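Work through the exercises below with the sequence and the model side by side, and try each task before reading its solution.

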Amino acid sequence: DLIGLTHLHEPAILHALRLRYDSDIIYTSTGPILIAINPFQRMDHLYSGEVMDRYRMQGEGTTVTSSVLSSSGTTIGGGATP
(Lines give C-alpha, C1' and ligand atoms only; values in the text may rest on other atoms or scores of the structure.)
Protein backbone atom coordinates (compact mmCIF):
# COMPACT_ATOMS: atom_id res chain seq x y z
CA ASP A 1 0.00 0.00 0.00
CA LEU A 2 1.55 3.28 -1.10
CA ILE A 3 -0.13 5.12 1.77
CA GLY A 4 2.59 3.67 4.00
CA LEU A 5 5.33 5.60 2.18
CA THR A 6 7.11 8.10 4.42
CA HIS A 7 7.26 10.70 1.66
CA LEU A 8 4.33 10.52 -0.73
CA HIS A 9 5.66 12.37 -3.76
CA GLU A 10 6.09 11.41 -7.41
CA PRO A 11 9.68 10.06 -7.25
CA ALA A 12 8.88 7.89 -4.21
CA ILE A 13 5.70 6.54 -5.82
CA LEU A 14 7.48 5.76 -9.11
CA HIS A 15 10.33 4.05 -7.24
CA ALA A 16 7.91 1.90 -5.22
CA LEU A 17 5.98 0.97 -8.36
CA ARG A 18 9.22 0.09 -10.18
CA LEU A 19 10.31 -2.22 -7.33
CA ARG A 20 6.93 -3.95 -7.35
CA TYR A 21 6.92 -4.21 -11.17
CA ASP A 22 10.41 -5.77 -11.11
CA SER A 23 9.04 -8.37 -8.66
CA ASP A 24 6.02 -9.12 -10.90
CA ILE A 25 3.67 -7.46 -8.39
CA ILE A 26 1.58 -5.52 -10.86
CA TYR A 27 -1.26 -4.55 -8.50
CA THR A 28 -0.70 -1.90 -5.84
CA SER A 29 -3.24 -0.24 -3.62
CA THR A 30 -3.11 3.37 -2.57
CA GLY A 31 -5.97 3.78 -0.13
CA PRO A 32 -9.19 2.93 -2.00
CA ILE A 33 -7.49 3.08 -5.42
CA LEU A 34 -6.00 0.04 -7.14
CA ILE A 35 -3.09 0.76 -9.49
CA ALA A 36 -2.46 -1.86 -12.17
CA ILE A 37 0.76 -1.80 -14.16
CA ASN A 38 0.68 -3.64 -17.48
CA PRO A 39 3.71 -5.96 -17.53
CA PHE A 40 3.46 -6.70 -21.30
CA GLN A 41 4.05 -10.35 -20.51
CA ARG A 42 2.03 -13.42 -19.57
CA MET A 43 1.13 -13.60 -15.89
CA ASP A 44 0.02 -17.21 -15.66
CA HIS A 45 0.36 -17.24 -11.87
CA LEU A 46 -2.32 -14.54 -11.73
CA TYR A 47 -4.53 -15.51 -14.64
CA SER A 48 -4.39 -19.29 -14.77
CA GLY A 49 -7.21 -21.53 -15.95
CA GLU A 50 -7.68 -22.59 -12.32
CA VAL A 51 -8.29 -19.01 -11.18
CA MET A 52 -10.73 -18.38 -14.03
CA ASP A 53 -12.55 -21.64 -13.25
CA ARG A 54 -12.96 -20.54 -9.61
CA TYR A 55 -14.71 -17.37 -10.79
CA ARG A 56 -16.92 -19.29 -13.20
CA MET A 57 -17.95 -21.75 -10.46
CA GLN A 58 -18.82 -18.93 -8.03
CA GLY A 59 -20.79 -16.92 -10.56
CA GLU A 60 -21.20 -13.18 -10.73
CA GLY A 61 -22.20 -11.19 -7.69
CA THR A 62 -20.30 -13.32 -5.18
CA THR A 63 -17.03 -12.60 -3.46
CA VAL A 64 -14.09 -14.77 -4.50
CA THR A 65 -10.69 -14.02 -3.02
CA SER A 66 -8.07 -14.00 -5.73
CA SER A 67 -4.31 -13.96 -5.51
CA VAL A 68 -4.58 -11.13 -8.02
CA LEU A 69 -6.57 -8.89 -5.74
CA SER A 70 -5.49 -10.17 -2.36
CA SER A 71 -2.19 -8.42 -2.90
CA SER A 72 -4.13 -5.17 -2.90
CA GLY A 73 -6.29 -6.14 0.09
CA THR A 74 -9.46 -6.30 -1.97
CA THR A 75 -11.80 -9.04 -3.17
CA ILE A 76 -14.12 -9.22 -6.12
CA GLY A 77 -17.36 -7.60 -4.97
CA GLY A 78 -15.58 -4.73 -3.24
CA GLY A 79 -15.05 -6.20 0.22
CA ALA A 80 -11.78 -6.15 2.10
CA THR A 81 -9.86 -9.36 2.61
CA PRO A 82 -9.45 -10.52 6.22
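**Exercise 1.** In this predicted model, decide whether D24 is buried, partly exposed or exposed, and describe its setting and backbone.

*Solution.* Begin with the accessibility: D24 has a relative accessibility of 35% and therefore counts as partly exposed, because that class lies between the cut-offs of 20% and 50%. Next, place the residue along the chain, where D24 is found in the loop that runs between α1 (10-22) and β1 (27-30). Finally, examine the backbone, where the phi of D24 is near 60 degrees, a positive value although the residue is not glycine. Most residues other than glycine have a negative phi.

**Exercise 2.** Determine in which sense β1 and β2 pair, and over how many bridges, and then describe the turn.

*Solution.* Strand β2 comprises residues 33-36, and its pairing with β1 is antiparallel, over four bridges. The two strands form a hairpin with two residues between them, and G31, which lies in the turn, has a positive phi of about 70 degrees.

**Exercise 3.** Establish whether T28 is buried or exposed, and trace its surroundings.

*Solution.* First, T28 belongs to strand β1 and stands opposite I35 in β2. Second, its relative accessible area is 0%, so T28 is buried, since buried means under 20%. Third, the side chain of T28 makes a polar contact, at 2.7 Å, with the side chain of R20. Lastly, when neighbours within four places in sequence are left aside, the residues in contact with T28 are L2, L17, R20, I33, L34 and I35.

How values were computed: Residues numbered from 1 in each chain as written. Predicted model: local features only at pLDDT ≥ 70, side-chain atom pairs only at ≥ 80, totals over all residues. Heavy atoms only, no water. Buried < 20%, exposed > 50% of the residue type's maximum accessible area, 1.4 Å probe, protein only. Pairing = 2+ DSSP bridges. Polar contact = N/O pair within 3.5 Å; in protein donor to acceptor, adjacent residues only side chain to side chain. Contact = heavy atoms within 4.5 Å.
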